[in-house]
Amino acid sequence: MLKTTGIGLLIRRLGLGSVAAVLLWANWQEPNLHDYPAPIGVGALRVAGVQPGAQAAALRARLLRVPGITACTVSADAHAVAYTYHPDEVQPAQVPQQLAPAFQAQVYEAPAAPVAGPQCPVPLGYVQALEQLRFTLNLRRFLVKI
Amino acid sequence: MLNITRKLSLSLLVAASLLGTLSACKKNEEAPVAQASLYDRLGGLPAVTAVVDQFITNVVAETMTSNSKLKRTFDPLVQSGNSYRVASLRNHLIDQIGQAAGGPLVYKGKTMQAAHQGMAITDVEFNALVAELAKAMTSKGVPAAQQTEVVTILSPLKSTIVGQ
């Protein structure tokens with residue numbers, strides 16, 4: 001009984017200490033301005049046959065109507081389109097379908113460059129997830145008027 | 001007679017009070033009103049974020065052209081599997097422009113010199129980048145005067161970015 005109580009107490013104490021440590025870590029600094037807006041991804045397309053002027057403007061307007069797309073640039077001369085999007089709302093593979101049949105678009109990705117020099121062993125996705133957690137637990141964000 | 005004198009005194013008192021109040025109001029009107037920060041005049045965080053997102057798409061589209069001036073520096077952003085680097089760039093830009101414009105929070109990233117060390121960015125590349133920022137602001141409806149203010153507060157960074 002004593003053992004159980006002692007272990008329970010220890011776990012409880014460790015648990016409370018851990019929670020306090022995480023909260024301290026999260027609230028140690030003011031949040032960042034960039035933590036407030038929703039995260040974005042960047043996509044690029046090659047769109048065949050798009051002409052400068054009205055057609056390029058129509059393509060831009062069409063893209064901006066796709067839910068989740070926040071900004072886009074059409075470079076008609078290069079048949080190039082770049083856009084930012086909210087990954088929760090739309091994925092790059094869906095965008096060409098949204099533009100068809102009026103525009104024949106293909107997802108563009110420059111080939112990955114060969115890795116040179118030392119690389120961070122922690123994937124950047126993990127770092128971003130940790131930052132997101134810190135912002136969520138940072139109560140100082142409620143004191144900032146953005 | 002006494003009643004008339006009292007009424008006259010009271011009227012004078014009211015008139016004097018009114019004059020005093022009016023002159024105080026005038027003083028308040030003449031007092032310099034603290035001008036809102038550029039951050040607030042731009043439209044706060046939503047406007048800064050919109051400009052930065054538009055700037056990023058402008059830059060990525062520019063790297064896809066055949067005579068691109070920014071391809072050397074920014075091509076890694078559109079290379080497969082590098083989406084987090086774009087997000088990181090966006091974060092730094094929001095923080096930096098937000099702070100420079102008088103926003104509520106501070107940029108905590110590297111110094112510009114440290115961030116651009118070894119990149120050997122040229123004047124041509126820097127100017128092309130500023131042109132894309134100007135296009136982004138125009139596209140998002142930022143008035144010309146405020147565009148000039150943004151460029152003016154960011155231009156001192158040029159010496160810490162170019163030629164590092």
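## The interface between the chains

Across the interface of chain B and chain A, zero salt bridges turn up. Keep in mind that this is a predicted model. Polar contacts are another story: 14 residue pairs make them between chain B and chain A, counting pairs with both residues at pLDDT 80 or more. Helix 3 (44-63), helix 4 (71-78) and helix 5 (83-100) of chain B each put at least two residues into the side of chain B that touches chain A.

As for the extent of the interface, 39 residues of chain A are in contact with 33 residues of chain B. Together the two chains bury about 3,000 Å², and 62% of that sits on carbon and sulfur atoms. On the chain B side, B:Met64, B:Leu105 and B:Lys108 supply 23% of the area buried against chain A, more than any other three residues.

## A serine at the boundary

A:Ser75 is a handy spot to look at if you want to see both chains at once. This serine belongs to strand 2 (residues 69-75) of chain A. Leaving aside residues up to four places away in sequence, A:Ser75 touches A:Ala80 along with B:Ala61 and B:Thr65.

Is A:Ser75 buried or exposed? A:Ser75 has a relative accessible area of 16%, so it counts as buried, the cut-off being under 20%.

## How each chain is built

Chain A mixes helices and strands, four of each. Going from the N terminus, its elements run α-β-α-β-β-α-β-α. Chain A has 146 residues, and 34% of them count as buried. Take the contacts in chain A between residues at least 6 apart in sequence, and 67% of them join residues at least 24 apart.

Chain B has nine helices and zero strands, so its pattern along the sequence reads α-α-α-α-α-α-α-α-α. Of its 164 residues, buried ones make up 38%. For contacts in chain B between residues at least 6 apart in sequence, 71% join residues at least 24 apart.

## Aromatic pairs

Over all chains, the count of aromatic pairs comes to two. One of them brings A:Tyr36 and A:Phe135 together edge-to-face, with 5.0 Å centre to centre and 75° between the planes. A:Tyr36 lies in the loop between helix 1 (2-27) and strand 1 (41-48) of chain A, while A:Phe135 is in helix 4 (residues 124-137), so the pair ties together parts that are 99 residues apart in sequence. A:Tyr36 counts as partly exposed because its relative accessibility is 22%, whereas A:Phe135 is buried at 10%.

The other pair is A:Tyr83 with A:Tyr85, and here the rings are tilted: 5.8 Å centre to centre and 50° between the planes. Both residues are buried: A:Tyr83 has a relative accessible area of 1%, and A:Tyr85 has one of 8%.

## Arginines over rings

Which ring does A:Arg141 lie over? The answer is A:Phe135, with A:Arg141 over its face at 5.3 Å from the ring centre. That puts A:Phe135 in two interactions, since A:Phe135 also forms the edge-to-face pair with A:Tyr36.

A:Arg46 does something similar with a tyrosine: its charged end sits over the ring of A:Tyr108, 4.8 Å from the ring's centre.

Conventions: Residues are numbered from 1 along each chain as its sequence is written. Chains are lettered from A and ligands numbered from 1 in the order in which they are written. This is a predicted model: local features need pLDDT of at least 70, side-chain atom pairs count only at pLDDT 80 or more; totals for chains, interfaces and linings use all residues. Side-chain values use heavy atoms; hydrogens and water are left out. Rings of Phe, Tyr and Trp (its six-membered ring) pair if their centres lie within 6.5 Å; planes under 30 degrees apart count as stacked, over 60 as edge-to-face and the rest as tilted. Buried means under 20% relative accessible area, exposed over 50%, partly exposed in between (1.4 Å probe, protein chains only). A charge sits over a ring if NZ of Lys or CZ of Arg is within 6 Å of the ring centre and within 35 degrees of the ring normal. Contact means heavy atoms within 4.5 Å. Buried area is the accessible area (1.4 Å probe) that two parts lose on being put together, summed over both. A salt bridge is a side-chain nitrogen of Lys or Arg within 4 Å of a carboxyl oxygen of Asp or Glu. A polar contact is a pair of N or O atoms within 3.5 Å; within protein, one must be able to donate a hydrogen and the other to accept it, and residues adjacent in sequence count only if both atoms are side-chain atoms.
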